[in-house]
Each structure stands twice: as C-alpha cells, then as structure tokens.
Amino acid sequence: MLIPGVSGGTLAVLLGVYDKIIDSVGNLFKQFKKSVLFLLPILLGAVLAFAALYFPLKYALQYAPFPTIMLFSGLMLGSIPDLIKTSNKNGFKPLDTIGLVLSCALVIGICFIPAIGNVDLSANMQAWQYFLLLFMGMLASCALVVPGVSGSMLMLIFGYYEPLLACISGLKTSFGHSLLVLATFAVGLIIGFFTIAKLMQLLLKKFRRVTFWSIVGFVIGSIPAVIITFFHQFGDNLEVYLSPLQITLGVLLFVLGGVGAFFLTRFAAKHAEQKVAAPVTESDQANDCPAKEIVDNKENEEE
C-alpha cells in the first residue's frame, strides 16, 4: 500500500493466499466465524506492518527509491514461475492469451496516465470533495483485490497520494480534520473492497482458468510498472537517485530478491506436495477399518 507501483493483490497471489482471501470476503456473512478467523490475522498483520514500516519505507523511498523498488521487482519476478505452474493446473487455451496480454497492458498503461497534480485536503476543502474522497477510497481498494493494480499509483495519478500521507502526519497537529479525511477515505476503501472482492469471487468461480491467466498478466505487468513509476516520480533528480552506488545496490537487491523468492516458492511448493503425499498413519488406518471390512465382506461374498 505504501510503495507506488506495488500491489497488495499481487503479493497476496505470490504468497498463495489470494483465493482464500477472496472466498473469505465473499462468504463473510454466510460463513462469518470461519471467514473472520482467516481474515483477522491477515488484517492484523497489515495494520502492524503499516504502523511498523511507514517511516522506514518513507525514508527508503526518500533516500534510496531505486534500490527499494528493485527489491520488490525482484521478489515479484522470482515468484512468477511458481505462479505460472499453479495457473497451468487449471489448463491453458490459446484464447487465454488475450486475458494475459490485456491485463499486462492495462497495468503498464495506467502508468502513462498523466497526473493531475495534488488536490487540496486541507481544512478549507468543500463538502463535495468528501464525496470525491469516498470514491477515491473505492478506487484505491482495487489494489487490495485486483493483482497488479497499485492503489498508491492510482492515488499518485489523481493527486491524492502525498495529501493523504500529509494527513497521516497531520494527526499530530490537526487531529480532528486529519482523522475525518482518513476516515472518509477508509469508508470508501471498505465499500470498494467488498464490492470488488465479490466480483472477483464470481470471476474465479465462473471463469477460473482465464481469470488465473489474467492474474498472471497483472503480476508480469507489475514489474515494468514499478520501474516506470519510479521514473515518473523521480525523473527530475535522476542524477541523485541513479548514482553508481544506487544502481549497484538496486541491481544487487533485484538479484537477491528474485533468487530468494524463487527458492522460497519452490520450498513452499515442495512442502505442500509432501503434506498431500504424507504416508498413512496408524490412526488413519484405524479410521479406515470399517471401509476395509466392507471390502473384505464383498470379496467373501464373491468367493
């Protein structure tokens, strides 16, 4: 959520929890207890990470933006082979290429939408601007649900990214107004999150194969999108942010992130396969006794 170009939905896919999150959100009212028990740790982790990493990432993006975005690009690239392998389990048809290419092009295309400049979220903002802020929250929720779409990138384009960050910092000075702005944005975020999650749940049920390949396209498109976003945001000071030291560190973190993510996903996949192919225990055999007796009885009857 904090790094322009990086999508929370993408990371959920790469971590293998995307399907479960969408199902839990879509079935929140049908299977309330089960959904809440699954979503609560993820939500708590997101809140803790936001609180813990807000200032470190802020300073990392301020003083070393290129190495920071290259690390995340490497993490995404290293995870793609396992994502393709997972998508292959649903099969592949030539028409799926359309979904893959279009989703990839959409993510990259968003980066070329010209920014409209920062909006005014000060105490002087008009009443109608709160409704627009609510809509922006709904738009930003795409990042939480649709892989590859970065909410922070969308907020940069529409001029809300820096003013919203200023409101977070402004909680110390103008608590009441800053809280009202952030709460309005949060309400829009929640409304959009549940609406889009329900839509994605429907797509995963009705068009599972092509939806999975479209998600692959979203993730692949995220890598150039992050780099394009960097040049858009820091293009005026490239001699500072692309110094030999910054480039060297960026390339190193890109390689480390890619290799680390590749072997981590390989390890996770092997661990999952071992659990599926786990040997039958004595307790399992004991539980299978009634079935075994039925088979033996049938054999005796045939004899």
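Biologist: Which residues does Phe185 touch, leaving out those up to four places away in sequence?

Modeller: In this predicted model, Phe185 touches Leu133, Met136, Gly137, Ala140, Met155 and Leu164.

Biologist: And which residues of the largest nonpolar core touch the most other members?

Modeller: Phe185 is one of them, along with Tyr18, Leu121, Val145, Met155 and Leu164; that core has 57 residues. Helix H11, residues 208–234, gives the most to the core, with 12 residues.

Biologist: Back to those Phe185 contacts. Which residues are buried in H6?

Modeller: Gln129, Leu133, Met136, Gly137 and Ala140. They sit on the same side of H6, because they cover an arc of only 105° around the axis.

Biologist: What is exposed on the other side of H6?

Modeller: Ala127, Trp128 and Phe131 are exposed there.

Biologist: How far does H6 reach from its first C-alpha to its last?

Modeller: H6 covers residues 127–140, 14 residues in total, and reaches 20 Å, close to the 20 Å expected at 1.5 Å a residue.

Biologist: Now Ala186. Is Ala186 exposed, partly exposed or buried?

Modeller: Ala186 counts as partly exposed, because its relative accessibility is 30%, and buried would need under 20%. Ala186 is in helix H10, residues 175–206. Its C-alpha is 7.8 Å from that of Leu134, though the two are 52 residues apart along the chain.

Biologist: Different topic: what is the mean pLDDT of the protein chain?

Modeller: The mean is 80, and 85% of the residues reach 70 or more.

Biologist: Where does pLDDT stay under 50?

Modeller: Over residues 288–299, where the model has 0 contacts beyond four places in sequence. Where pLDDT is low, predicted coordinates should not be read in detail.

Conventions. Residues numbered from 1 in each chain as written. Predicted model: local features only at pLDDT ≥ 70, side-chain atom pairs only at ≥ 80, totals over all residues. Heavy atoms only, no water. Core = buried A, V, L, I, M, F, W, Y, C linked by side-chain atoms within 4.5 Å. Buried < 20%, exposed > 50% of the residue type's maximum accessible area, 1.4 Å probe, protein only. Helix = DSSP H or I, 4+ residues; strand = E, 2+ residues; numbered from the N terminus. Contact = heavy atoms within 4.5 Å. pLDDT = per-residue confidence, 0-100. Expected span 1.5 Å × (residues − 1). Arc of directions from axis to C-beta.
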